[in-house]
Amino acid sequence: MKFKIAVLPGDGVGPDVVKEAQRVLDEVGKRFGHRFDFSTGHVGGIAIDKYGEALPEPTLALCRRSDAVLLGAVGGPKWDDPTAKVRPEDGLLALRKELDLFANLRPVKMFKVLENSTSLKPAVVRGVDLLVIRELTSGLYFGKPKQQWTTAIGRRAVDSMYYTEQEIERIVRVGFELAMIRRRKLTSVDKANVLESSRLWRQITAEIAVEYPRVKLDNMLVDACAMRLIQNPIYFDVIVTENTFGDILTDEASMLAGSMGMLPSASLAGIPDKKTLQAFGLYEPIHGSAPDIAGMDIANPVATILSAGMLLHYSLGLKQEAAAVERAVLQVLNSGYRSKDIMTKGMKAVGTAGMGKLIARAVAEQA
Ligand code: IPM
Ligand code: MG
């Protein structure tokens, strides 16, 4: 089959890691008889430099006519001035909003071979396999009013955590649907002891839960969840939560897997179809642009390669091909190859391209 993929490398290590994911996708194409047509667009700092905007119209149009979007990372010190009119991050936020990518899936899976690369005790992280579903187009990130102003007695600023019933319902449904095909345990995370938006979130979750009697639902306050994540991460299967809470909890949870360089994400524009699990989506590693190591052949491409795997699975419906990518990653790690972020004594050090090539070759060799 033929597929159109929009590729937005972005800034920093974005181009380094995206290149390796494309290499792996090309190999998937050869091995399984598909054609992936890649078209590149600009977003973030590079787009600000070229067009004066973080999300130029041609990039958005490219994404709209593609079957899926693969993104690297945005941002860097060059565009970090807090008084700047446009910021690279605005490009990413606009992309999420414009494409209605409300469901951000961030799986955190501990690879047994990396047990000793984490800063936590192996006994704590062993067997971690959880999925955080972060609401991505509303909440504190997008709510209005959102502004800064000056009064006679000093400066003021406001951000608003705003949610509609429909926004909560659709994300919580994604939580229940995906819990159904996993271990059927859903933890809804909020701050209902303080926030009104969280109380609405909890009410709606309880209403929807009636439709999913086979899923065990619990509600957890976000501060308690932050603690539980490192105290007993095995507790979790699927977590569903508000935009900012999810942002913070997923950085924390990434440490369970050894390195941020390992974790992929999918941002979907719909509730995955019950049978095909499919929806339009954007796929990106959860790590940032790491400008200090950009272009140095150091960055770990695994997160982006696994994101490409999620792209095959969720947006193109190529389940077998997605599984092949995951297996290839595992094989290369099992053979002892390590990028700098996950390097331990006695392992074989490889760079960004080296890792990409090894994984591509492992894809080609899949039975
Ligand atoms: C992420 C990032 C972004 C976010 C930034 C770059 C705007 O931290 O995807 O988690 O906060 O959503
Ligand atoms: Mg983040």
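## Location of the ligand

A pocket is an open set of grid points, computed over the protein atoms alone, with protein on both sides within 12 Å along at least five of seven lines. In this predicted model, ligand 1 occupies the space of the second largest pocket.

## Residues around ligand 1

Six positions form the surroundings of ligand 1: Glu-89, Arg-96, Arg-106, Arg-134, Tyr-141 and Asp-247. Sorted by class, this shell holds five charged residues and one nonpolar residue, with no polar residue. Tyr counts as nonpolar in this scheme, whereas Asp, Glu and Arg count as charged.

## Polar contacts and burial

Which side chains place a polar atom 2.9 Å from an oxygen atom of ligand 1? Arg-106 has a side-chain N or O atom at 2.9 Å from a ligand oxygen, and the side chain of Asp-247 likewise has an N or O atom 2.9 Å from an oxygen atom of ligand 1. For Arg-96, the distance between a polar side-chain atom and an oxygen atom of the ligand is 2.7 Å. Ligand 1 exposes 320 Å² when taken alone, and the protein buries 77% of that area.

## Domain arrangement

The protein chain is assigned two segments to each domain: 1-107 and 264-367 make up domain 1, while 118-130 and 138-257 make up domain 2. Between the C-alpha centres of domain 1 and domain 2 the separation is 24 Å. Their contact involves 14 residues from domain 1 and 15 residues from domain 2.

Conventions
Residues numbered from 1 in each chain as written. Chains lettered and ligands numbered in written order. Predicted model: local features only at pLDDT ≥ 70, side-chain atom pairs only at ≥ 80, totals over all residues. Heavy atoms only, no water. Near = heavy atom within 4 Å. Polar contact = N/O pair within 3.5 Å; in protein donor to acceptor, adjacent residues only side chain to side chain. Areas by Shrake-Rupley, 256 points an atom, 1.4 Å probe, with all protein chains shown as cover. 1 Å grid on protein atoms, 1.4 Å probe; cavity = no way out; pocket = protein on both sides within 12 Å on 5 of 7 lines; lining within 4 Å. Sits in = over half its atoms within 2 Å of the grid points. Domains from an automatic or database assignment. Contact = heavy atoms within 4.5 Å.
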